[in-house]
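Here is a quick walk through the inside of this protein: one side chain and its contacts, the nonpolar core, and the cavities. Keep the 3D view open as you read.

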Amino acid sequence: MTLEDTTGNTPGGTSQGTSGGTTPPKDDYLERRALRRGSAGWLLLTGLGVAYVVSGDFSGWNIGLSKGGFGGLAVATVLMGAMYACLVFALAELSAILPTAGGGYGFARRALGTWGGFLTGTAILIEYVLAPAAISIFIGDYVESLGLFGLESGWPVYLVCFALFIGIHLWGVGEALRFSLIVTAIAVAALVVFALGAFTDFHVDGLNDIPVDGEAFGSNSWLPFGLLGIWAAFPFGMWFFLGVEGVPLAAEEAKDPVRSMPRALAISMGILVLLAVVTFLAATGARGSAAVQEAGNPLVVALQGDGEPTALSRFVNYAGLAGLVASFFSLIYAGSRQLFALSRAGYLPRFLSLTSRRKSPYLGLLIPGAIGFALAAGTGNGARMLNIAVFGATISYALMALSHIVLRRREPGLHRPYRTPGGIATSSVAFVLALSALVATFLVDRTAAFMALGVYVIALAYFAFYSRHHLVAGAPEEEFAALAAAEAELARD
């Protein structure tokens with residue numbers, strides 16, 4: 001097999017990967033693909049973790065009420081919260097071992113080989129390319145409903161979103177994360193204000209006011225759609241936490257990632273759990289589950305119902321826009337870093353990982369942004385794109401949890417600056433729940449699940465027939481895996 005180096009010439013020496021070939025890069029290859037190190041401390045990383053998710057508190061989760069009722073969504077949220085908590089603890093250990101921009105791809109590459117790394121990285125990429133496209137549509141809906149500048153939801157609004165916020169990312173990672181922290185703080189403050197207002201009108205009997213489907217197995221007033229409704233509500237219970245797993249993608253640009261990454265993951269998860277509980281109870285108790293189950297802006301409906309807007313409901317409505325912006329902005333960041341890492345290692349075309357003078361992966365920002373804009377403008381179906389994103393997310397969760405299990409069993413002596421509480425038992429819980437959530441996506445939107453599966457198959461064909469034969473040995477994640485292979489070979493000798 002002939003391998004190409006980064007200049008297009010046949011290299012004098014190569015090293016074989018687990019399935020395909022790797023080749024050492026030319027001298028300036030990694031210099032042209034360098035991120036700005038030390039740009040983010042634990043506070044900015046925590047803000048990033050909350051920013052990924054906060055838009056899910058303002059809308060989306062409530063549709064789970066129409067699938068499982070209050071009790072079904074409550075159980076689903078608890079189970080999905082447990083999955084994310086276990087996953088976050090596992091990722092905290094993995095990110096301390098390998099603090100690079102590869103995130104989940106890097107962890108799986110070490111544990112599961114090149115195929116496992118590509119499967120994981122592609123699943124993460126599906127999530128982080130599709131989710132911003134969906135959120136740009138939701139931003140357009142908010143802009144139209146608020147009457148801002150007389151604009152209607154459509155491609156001009158989507159274009160402004162992508163152009164403006166990608167422009168901030170191109171400016172620099174430090175500036176981008178500080179902007180994200182400010183907008184996220186506004187959104188979180190608004191959720192606290194919302195809860196204080198909504199709890200003044202809290203009624204327990206409103207929680208289970210959805211009519212009962214008497215034919216559903218196990219149905220009652222708390223589970224109006226029966227026990228199966230719990231499972232169907234899994235994807236919507238995820239919306240309170242979806243995206244927090246992206247924090248390790250900032251490891252290569254973090255200050256002291258070995259210490260700051262586990263701390264940021266734990267704190268951001270704690271904040272998200274608190275916000276989920278408060279938002280869920282306040283919204284359903286103030287107006288009733290039936291009233292908010294299909295609302296595009298459930299918090300506003302919870303505050304005003306069918307009445308005239310109040311000062312509080314207007315404030316929450318504007319803050320909902322801030323929450324959408326925070327998540328949109330941070331998800332663009334996550335997608336660019338995952339694409340950057342896969343490209344730098346040769347899994348995707350290498351030119352996508354080139355960085356600018358300000359150390360931003362400009363093509364890794366612009367090309368996914370163009371794809372996201374095209375999807376938003378061409379379909380206008382934000383819910384479908386979010387469901388595709390959830391499909392990719394659940395695959396990546398299962399593979400990342402599996403990576404933790406494999407590394408614990410195969411390399412017990414590996415230096416671990418941070419250790420997951422509960423060890424393999426913790427990541428095993430995340431693995432089982434992630435697989436359950438993956439199956440649940442077919443219950444919610446079978447079309448979206450099969451569309452995501454189709455994209456996955458195309459990507460795998462590209463890897464199988466081309467890119468696995470042209471991997472870059474000098475990429476950090478590949479060097480980390482090669483070191484493990486060399487140590488294993490020495491141990492056998």
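Contact here means heavy atoms within 4.5 Å. One thing to bear in mind from the start is that this is a predicted model.

**Asn-387 and its partners**

Let's begin with Asn-387, which sits in helix H14 (residues 382–410). Is Asn-387 buried or exposed? Buried means under 20% relative accessible area; Asn-387 comes out at 13%, so it counts as buried. If you set aside neighbours within four places in sequence, Asn-387 is in contact with Val-444, Asp-445 and Ala-448. With Asp-445 there is also a polar contact, side chain to side chain, at 3.1 Å.

**The nonpolar core**

Now for the greasy part. The largest nonpolar core has 151 residues, and the members that touch the most others are Phe-58, Tyr-84, Ile-139, Phe-194, Met-238 and Tyr-397. Helix H4 supplies the largest share of this core, with 20 residues.

Phe-194 is a handy one to click on. Which residues does Phe-194 contact, leaving aside its neighbours within four places in sequence? They are Thr-279, Ala-282, Ala-283, Leu-299, Ala-302, Leu-303 and Val-316.

**The cavities**

How many cavities of 30 Å³ or more are there? The count comes to two, and they are set out here:

| Cavity | Volume | Lining by class | Top contributor to lining |
|---|---|---|---|
| Largest | about 100 Å³ | nine nonpolar, five polar, no charged residues | H13, five residues |
| Second largest | about 60 Å³ | seven nonpolar, four polar, one charged residues | H4, four residues |

The largest cavity is lined by 14 residues, and those nearest its centre are Tyr-128, Pro-132, Ile-332, Pro-368 and Gly-369. The elements that give two or more residues to this lining are helix H4 (104–146), helix H5 (155–171), helix H12 (311–344) and helix H13 (362–379).

What lines the second largest cavity? Going along the chain, the lining takes in Leu-91, Gly-103, Gly-104, Phe-107, Ile-124 and Tyr-128, then Glu-245, Gly-246, Pro-248 and Leu-249, and finally Gln-338 and Met-400. Tyr-128 is worth a second look: it belongs to this lining, and it is also among the residues nearest the centre of the largest cavity.

Helix H4 keeps turning up, too. It gives the largest share of the nonpolar core, gives the largest share of the second largest cavity's lining, and is one of the elements with two or more residues lining the largest cavity.

How values were computed
Residues are numbered from 1 along each chain as its sequence is written. This is a predicted model: local features need pLDDT of at least 70, side-chain atom pairs count only at pLDDT 80 or more; totals for chains, interfaces and linings use all residues. Side-chain values use heavy atoms; hydrogens and water are left out. On a 1 Å grid over the protein atoms alone, a cavity is a set of points where a 1.4 Å probe fits but cannot get out, and a pocket is an open set with protein on both sides within 12 Å along at least five of seven lines; lining residues have an atom within 4 Å of a point. Grid points are joined across faces, edges and corners, and a volume is the space filled by probe spheres set on the points. Ala, Val, Leu, Ile, Met, Phe, Trp, Tyr, Cys and Pro count as nonpolar, Asp, Glu, Lys and Arg as charged, and the others, Gly among them, as polar. Buried means under 20% relative accessible area, exposed over 50%, partly exposed in between (1.4 Å probe, protein chains only). A polar contact is a pair of N or O atoms within 3.5 Å; within protein, one must be able to donate a hydrogen and the other to accept it, and residues adjacent in sequence count only if both atoms are side-chain atoms. A nonpolar core is a set of buried Ala, Val, Leu, Ile, Met, Phe, Trp, Tyr and Cys residues joined through side-chain atoms within 4.5 Å.
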